[in-house]
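Good morning, colleagues. Please take a moment to look at the fold now shown, after which I shall go through its sheet, its helix packing and its overall dimensions.

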Amino acid sequence: MSITLLTRDGCSACEAARADLSRICGDLSVEFDVVDVDVAANSGETELRAEYGDRLPVVLLDDEEHSYWEVDEPRLRADLAARNS
């Protein structure tokens, strides 16, 4: 299971989503990655910015879009519990 938060520098909604994910994942002892889509694009990986750049932040669960603009906490907790059972 993998959780990835797609962000960009200077995005206040991205910072709020990161704080939410830190709290949720901390409660469940689950790690998550953070990927800045602009940094990735500047390194030649343009797909993430092209796909998700207009609706950041985006939470990916197992590389599938789970939520965007904010963390859907009830749904994320339920999906993580289902994957851990």
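Two strands are taken to pair if DSSP finds at least two bridges between them. Helices (H or I, at least four residues) and strands (E, at least two) are DSSP runs, numbered from the N terminus. This is a predicted model, in which local features need pLDDT of at least 70 and side-chain atom pairs count only at pLDDT 80 or more, while totals for chains, interfaces and linings use all residues. Residues are numbered from 1 along each chain as its sequence is written, and side-chain values use heavy atoms, with hydrogens and water left out.

I begin with the pairing of β1 and β2. Strand β1, residues 3-7, runs parallel to β2, and four bridges join them. Within this pair, Leu5 lies opposite Val34 of β2, and Thr4 has Asp33 in β2 as its bridge partner. From β1 the chain passes through α1 to β2, a β-α-β crossover that is right-handed; that is, with the strands pointing away from the viewer, the path from the first strand over the helix to the second runs clockwise.

How are the strands ordered in the sheet? The order is β2-β1-β3-β4, in an open sheet of four strands with mixed pairing. Because β2 (33-36) and β4 (64-68) each have a single partner strand, they stand at the edges, and one side of each is left without a neighbour in the sheet. On average, neighbouring strands are turned by 30 degrees against each other, direction ignored. Helix α1, residues 12-28, packs on this sheet and touches β1, β2 and β3 (58-61), contact meaning heavy atoms within 4.5 Å. The direction of α1 makes about 165 degrees with that of β1; axes are lines fitted to C-alpha atoms, for helices over the stretch in contact, and angles run from 0 to 180 degrees between N-to-C directions.

Turning to the whole chain, there are four helices and four strands, and along the sequence they follow the pattern β-α-β-α-α-β-β-α. The C-alpha trace spans about 40 × 20 × 20 Å along its principal axes. Of the 85 residues, 35% count as buried (under 20% relative accessible area, 1.4 Å probe, protein chains only). Finally, among contacts between residues at least 6 apart in sequence, 59% join residues at least 24 apart.

How values were computed: Buried means under 20% relative accessible area, exposed over 50%, partly exposed in between (1.4 Å probe, protein chains only).
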